[in-house]
Amino acid sequence: MTPRPASDTAADTKRSAAPLWNRWWRRLPPSRQDRVATLVPLLAVLLFLAAIVVAITYLRYEELDREQEAVTRDVEYAQQRLRLRLLERQEQLMRLAREIDNKEIATEEFEFQVESLISQFPELLAISWVDARRNVLATYASPSTPPALIRQAGSILGSDETDGSFDLARELRQPIYSRPLGEDPRNATLMLQVPLSEQGRFAGTVMGEYSIDGLMRFGMPPEIMARYAVALLDDRQRVLAGSLQNESEVLRVLPWSAQPMEHEAPVSPVGNGLIIKAQGYRTSQDIVGSGFFWVIGALSALTVWMLLGTWRHTRRRVQAQQALVSETNFRRAMENSMLTGMRALDMQGRITYVNPAFCSMTGWTEGELVGRTAPFPYWPDADHELLAARLEDELKGRSTPGGFEVRVQRRDGSIFDARMYVSPLIDPKGHQSGWMTSMTDITEPKRIREELSASYERFTTVLESLDSAVSVAPLGSDEMLFANKMYRLWFGTRGQGHRRLVELAGKQPSPSPDDGDAVDAFAGMPTDSLTDAGSENAEVFVEELDHWLEVRTRYLTWVDGRLAQMVIASDITARRNAETQAARQAERAQTASRLITMGEMASSVAHELNQPLTAISNYCNGMISRVREDRIGTGELLGALEKTARQAQRAGQIIQRIRAFVKRSEPNPTLSEVAPMVANAIELADIELRRQQVRLTPYVAARLPPLMVDPILIEQVLINLLRNAGDAIAQAGRLPGARFIELRAGPGQREGVEVVEFSVSDSGNGVPDEMFERIYEAFYSTKSEGMGIGLKLCRSIVESHHGRMHMENIYNGSEAVGCCFSFWIPVVSRLRPEASQPESTSASLPEPERAR
């Protein structure tokens with residue numbers, strides 16, 4: 001078997017890969033194909049630009065690394081040359097110092113050798129022989145030495161002139177270089193101190209002074225000076241000799257041209273005080289390389305921009321196509337799903353289009369209707385002439401904008417009412433190509449409209465027949481929106497009566513905020529449009545009509561969207577008269593109850609009055625007999641008269657309290673203290689309780705708040721409860737030790753409000769279970785001689801003060817050993833004091849208007 005050539009294998013691979021690529025490409029949607037066709041060239045351009053940038057950057061940075069290595073190598077070579085030159089001068093000065101130590105030369109020979117050294121080595125400015133006391137023994141300076149550095153033999157060297165190098169050489173006993181000296185960096189000098197010794201003692205130094213500029217000019221290799229900008233710097237980076245390029249003058253075209261190549265190193269043996277620094281000269285700005293880079297970048301950016309523009313344009317076209325398809329589908333779906341029938345006619349009256357709704361209405365298919373001319377199959381036979389005239393008007397553009405009603409016949413022969421609207425069809429060139437007609441089945445709306453008309457008539461009939469006046473008027477206007485027959489009968493057709501009723505209702509007292517049954521009638525209404533009139537029910541008296549009216553006001557939104565107020569006024573004169581009569585009967589019942597109570601207590605009251613009257617009689621008879629016998633002094637007579645007056649005052653108080661209790665008067669709510677009311681009730685009831693041998697134990701809490709009540713009515717409730725408790729104990733036949741009543745008054749919390757609670761507990765047999773439901777019924781009593789109105793009146797009095805009464809038995813195991821009647825009065829009451837009758841001591845049940 002012969003092997004296949006490599007070219008055949010590659011061709012097979014391409015052929016096998018091509019179907020995969022084609023299948024993948026064909027599976028993509030058109031939008032994805034456009035995106036791939038745009039992004040792939042864009043990606044290729046970006047990759048090409050990235051490859052060019054990476055290659056140029058790599059080559060340039062490699063070149064910069066080579067240049068940096070060359071600068072570093074050349075600076076280190078220059079550093080070695082300077083170091084060798086300084087070490088040679090140092091060695092020569094050290095040899096001269098050894099000769100001085102060995103006393104081989106004198107000052108004249110020293111000056112001769114120093115002159116020879118300075119003439120051979122221009123970087124040396126001066127050499128001096130200084131003893132241990134800083135006295136200059138001998139010195140020689142170069143002719144080019146500045147006058148400030150020339151010293152004379154015999155002068156004293158200052159400590160500031162050596163910058164501490166002299167002292168350091170004395171301590172270390174080895175050659176010491178100073179830092180660069182001098183105010184002017186360009187004229188700075190370098191000082192070398194070589195120590196002298198005499199028999200192991202410090203004997204001074206041989207001081208050599210170098211010109212840093214001389215070191216630069218004569219010690220720096222010329223080839224280094226030619227290739228670089230070289231300078232000597234001190235430790236503060238000041239240029240002492242040479243020059244450096246200004247970095248701001250470097251043209252920064254590319255990132256790698258941010259700064260020139262440079263290197264610096266300290267000059268030994270001087271140390272960090274003297275630094276050599278070299279910068280590579282930028283002989284050219286690499287315009288060709290930079291230009292090539294920027295041209296490639298600009299062309300790549302232009303290509304990317306063009307590809308992005310093409311992609312954006314393609315996306316817009318695709319989006320426009322998608323929007324067109326979506327809009328077409330949406331309109332088709334809307335036309336197919338809408339209930340309004342659509343029909344298009346050309347200029348000759350031929351049907352060119354009908355939607356499914358039109359076909360569904362008429363029962364004819366689209367194929368049967370499209371292309372037909374008048375008369376159309378859905379025209380009723382009896383309406384051909386009328387519909388032909390309508391069609392003629394439609395084709396000539398004389399249709400009314402509000403449409404017109406026609407009768408349409410279905411395919412099965414049934415007829416329905418429809419309304420048609422006509423509008424012209426305009427082609428893309430702006431020319432009219434036909435007429436579009438929309439048809440709506442109005443059979444059901446027409447039926448509903450007729451039923452609404454009938455309902456409105458019935459509603460109007462009902463409102464006109466009401467015995468209440470109903471009126472509606474907009475806020476801030478004198479216009480009357482509605483008024484029924486009773487309103488017109490009472491007030492006429494104008495709005496004065498409506499405003500009069502609103503004003504009267506607004507002057508009535510509004511419900512208290514703590515009324516749990518109050519309903520906010522303003523809910524949902526705009527607060528900036530409401531008036532000050534109340535929205536609750538009110539009972540007012542209209543002098544013009546001489547009637548009591550119950551006025552109810554409500555806010556509503558009228559049919560035109562305006563905020564209006566409805567007032568309903570009902571005649572309640574008969575009800576008010578009945579309530580007044582009922583209040584009078586209740587007041588008579590209370591008075592009768594008090595008279596009955598006092599009648600039942602008459603014997604006890606007589607006994608109570610008999611004691612002070614008997615005492616008065618005895619005192620008077622005693623004084624008369626003693627006066628006749630002239631056996632009484634003035635002091636004794638005054639004492640007897642005072643006792644007589646106190647007994648008379650006691651009898652008068654008893655009579656006054658009874659008179660106030662039984663006196664009939666109007667209700668008089670006042671701010672009353674609890675303790676006096678309890679005390680007065682106890683004094684009146686205690687007479688009967690003592691007769692029945694019943695012990696009364698009162699307990700009144702301290703610092704109880706005053707109550708807005710009628711004190712006589714509350715005393716009446718307490719007296720009735722105490723008398724009932726005494727009668728229950730008497731009927732139970734308890735032993736004298738077990739006859740007791742406990743009266744308590746204290747603060748409490750009921751239904752979320754602060755109250756004062758009163759309770760009367762007895763030791764009788766309690767109330768039988770079968771009587772619990774009827775204990776408060778009128779004319780029902782457990783006593784053989786009772787009238788059955790006491791507890792009912794008590795509960796009515798308590799509830800008129802917005803309180804509640806409660807009754808429960810006291811059990812010892814399963815046996816009832818007593819009963820407890822309790823009631824509570826709220827501390828914050830809605831009752832108001834009656835200023836018109838300040839002397840009233842009794843009250844009746846409040847009338848309905850006063851209760852509100």
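This tour moves from the whole chain to two nonpolar cores and one helix.

**The whole chain.** Display the full model, which is predicted. The chain contains 21 helices and 26 strands. Of its 852 residues, 39% count as buried. Show the surface next: the accessible area comes to about 48400 Å², and 54% of that area belongs to carbon and sulfur atoms. Among contacts in the chain with a separation of 6 or more, 60% are between residues 24 or more positions apart.

**The largest nonpolar core.** Select Phe110, Ile127, Val206, Tyr210, Leu232 and Ile276. These residues touch the most other members of the largest nonpolar core, which has 46 residues. Now add helix H2, residues 30-101, which gives the most to this core, with 11 residues.

Centre the view on Ile127. Which residues does Ile127 touch, leaving aside those up to four places away in sequence? Among them are Leu93, Phe110, Val114, Leu117, Ile118, Tyr140, Val206 and Met207.

**A second core.** Select Val674, Ile714, Val760 and Phe821. They are included in a second, separate core of 42 residues.

**Helix H19.** Select residues 711-732, which form helix H19. Is this helix mostly covered or mostly uncovered? H19 is mostly covered, with 18 of its 22 residues buried. Then select the C-alpha atoms at the two ends of H19, which are 31 Å apart. This agrees with expectation, because 22 residues at 1.5 Å a residue should span 32 Å. Finish at Gly733, the residue that follows H19; its phi is positive, near 65 degrees.

Conventions: Residues numbered from 1 in each chain as written. Predicted model: local features only at pLDDT ≥ 70, side-chain atom pairs only at ≥ 80, totals over all residues. Heavy atoms only, no water. Helix = DSSP H or I, 4+ residues; strand = E, 2+ residues; numbered from the N terminus. Buried < 20%, exposed > 50% of the residue type's maximum accessible area, 1.4 Å probe, protein only. Contact = heavy atoms within 4.5 Å. Areas by Shrake-Rupley, 256 points an atom, 1.4 Å probe, with all protein chains shown as cover. Expected span 1.5 Å × (residues − 1). Core = buried A, V, L, I, M, F, W, Y, C linked by side-chain atoms within 4.5 Å.
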